[in-house]
Amino acid sequence: MDLIVEGVVKAFWLLVKVDREVVRITLLTLQVSGLATLIAVVVGVPLGTALALSTFRGRQVAVSLVNTGMGLPPVVVGLWVSIVLWRYGPLGFLRLMYTPAAMVIAQSVIATPIVTGFTMAGMGQLDPGVRLQMLSLGASRWQLLWILLREARLSVLAAVIAGFGGVISEIGASMMVGGNVMGQTRILTTATAMEVSRGHFDMAIALSVILLALAYGITFGLTHLQQRGRHV
Amino acid sequence: MSGFTRPPLAPARRRLVLFLVILGIVGTIPGAAAATPTSREVILATTTSTQDSGLLDVLIPMFERKTGYIVKTIAVGTGQALALGARGEADVLLCHAPAAEMELVQSGAATNRKLVMHNDFVIVGPAGDPAGICGLKSAAEAFKKIAAAQAVFVSRGDDSGTHKKEKEIWAKAGVKPAGRWYQEAGAGMGQTLNIASEKEGYTLTDRATYLALKKHLGLKILVQGDGALLNIYHVMQVNPEKFDKVNGPGALAFVDFMVAESTQKIIGSFGVKEYGEPLFFADAGKGENELGR
């Protein structure tokens, strides 16, 4: 019980005193996961839309692949991204291992199938009648896509929320490709794990409180957008 | 859905786009900055105990200030650190598994290996001591008794330096540990100590990590002082002649820094203030067999 109180008090002080290292860790967490989510949206929303609206041979295989990808274990992604980015790996010349860029890559790999899957499900649920009606009204291909995306905006925002939630809470991949280097690639999840193994449980609790607050804040913002969208 | 011409950008959507763009701009800054290749970077692969004890938090900033190099400390088990070195994926190694390190040097992957410091391993367990090992002088004897009593023993199980040492002691005791009482955590030292404490089991730990975590653990030091329990740390360069992408000058600077007199002084006094005793004994320049006497 003492431990919980100690941890929450410590979190409060870290925030009040604006501990520089903690601020840096928090900002980096936000930047890495934010950018990874952005990449996942740029790739995943069009891909999910295409998969939902098109018919082609092997579509079922592609859809199952995306659905499996939604549960990609972060450590597996971390391992494969490491193998590719290591100095003597295929992309080693880029010198990206143990940088925030490597973490963005790994987290994008994790988030993209999630965003794709949610978008696909949302678009697939739209009434096919809307599509026919639009076409009969003479909508162009792009106008049609735009209307459908607007119709499915609740699902698309859910996709963004799920993708962001998936990467901001992930540790396996970031630990492996980032290395938890102080001042360079340390983010809230990896710092929390490290503080636990150091026996600094109060600090670990403090970091976890910050992480939860951050995740809640962002998700709240996105949910706000989503729910407003309902009445537009 | 009537009156369809050009749909205006819904406010919610516009705000989402704006939000993502801002996140993106903020996000690219560190990524782009850190992606620039530079020979000022030194990758140090090391064991968890040097990081978890806080020693590297003191030494690394000093090294960076002194030399201008930027160190990426990758704290993993010694097994993984040596494996990274063997593949040329790190520049310099700080480990505590002398036999495995010598193999790496002999294979040509590592070079310029120097003794830095030592502390010792201790066998810890519940105060009740169900196997009755308290005060034994021999670690192997203690392990034999634990196995005979089938008392819970939590092993690191991660091929770390501590795990290698533990296997060495089992071999010396002539016991092949197996069965329900022998549990492999597959975790770092801190986590393994927590597990041993929760399960009221025995485990082998380095003294530094134990001292750092002691106040949260229900574990006591039961066996210590056996010569076989020495925990010896060496620093070594990954061989730049074998791996062209290794930062040779940076690694050399780090090795020199670790054995320099001023650094050794800091190592020898590290932890005295917090724990009342030093966590490491500085040994640069000594021979390995002069230790522990």
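A residue is buried if 20 or more other C-beta atoms lie within 10 Å of its own, exposed if 12 or fewer, and partly exposed in between, with C-beta atoms placed from the backbone. This is a predicted model, in which local features need pLDDT of at least 70 and side-chain atom pairs count only at pLDDT 80 or more, while totals for chains, interfaces and linings use all residues. Residues are numbered from 1 along each chain as its sequence is written, and chains are lettered from A and ligands numbered from 1 in the order in which they are written.

**Exercise 1. Two unusual backbone angles**

Find where R95(A) sits, and explain why R95(A) counts as partly exposed.

Solution. Start with the backbone: R95(A) is not a glycine, yet its phi is positive, about 55 degrees. Next, place R95(A) in the loop between α4 (74-85) and α5 of chain A; helices here are DSSP runs of H or I with at least four residues, strands are runs of E with at least two, and both are numbered from the N terminus. Finally, count neighbours: R95(A) has 19 C-beta neighbours inside 10 Å, so it counts as partly exposed.

Now try Q150(B) in the same way: in which loop is Q150(B) found?

Solution. Q150(B) also is not a glycine and has a positive phi of about 55 degrees. The loop that holds Q150(B) runs between α6 (139-149) and β5 (153-155) of chain B. Because Q150(B) has 13 C-beta neighbours inside 10 Å, Q150(B) counts as partly exposed.

**Exercise 2. The fold of chain A and one helix pair**

Describe chain A, then work out how α6(A) and α7(A) pack.

Solution. First, count the elements: chain A has 11 helices and zero strands. Of its 232 residues, 48% are buried. Along the principal axes, the C-alpha atoms of chain A fill a box of roughly 65 × 50 × 25 Å.

Then turn to the pair. Helix α6 (residues 128-136) and helix α7 (residues 141-151) of chain A pack at about 150 degrees, with axes 10 Å apart; axes are lines fitted to C-alpha atoms, for helices over the stretch in contact, and angles run from 0 to 180 degrees between N-to-C directions. From α6(A), the contact uses V130(A), R131(A), M134(A) and L135(A), and from α7(A) it uses L144(A), I147(A), L148(A) and E151(A). Two residues are in contact if their C-beta atoms lie within 7 Å. By class, this contact of α6(A) with α7(A) has six nonpolar, no polar and two charged residues.

**Exercise 3. Domains of chain B and the core**

Locate the two domains of chain B, and then find what the largest nonpolar core draws from them.

Solution. Begin with the assignment, which is automatic or from a database: domain 1 of chain B is 41-118 + 231-290, and domain 2 is 120-229. Their C-alpha centres lie 25 Å apart. Across the boundary, 16 residues of domain 1 of chain B are in contact with 15 residues of domain 2 of chain B. On the domain 1 side, α2(B) gives the largest share, three residues.

Next comes the core, a set of buried Ala, Val, Leu, Ile, Met, Phe, Trp, Tyr and Cys residues joined through C-beta atoms within 7 Å. The largest one has 147 residues, and those touching the most other members include A102(A), L44(B) and I123(B). Helix α5 (residues 100-124) of chain A contributes the most to this core, 14 residues. This core also draws at least three residues from each of the two domains of chain B.

Methods. Nonpolar A, V, L, I, M, F, W, Y, C, P; charged D, E, K, R; others polar.
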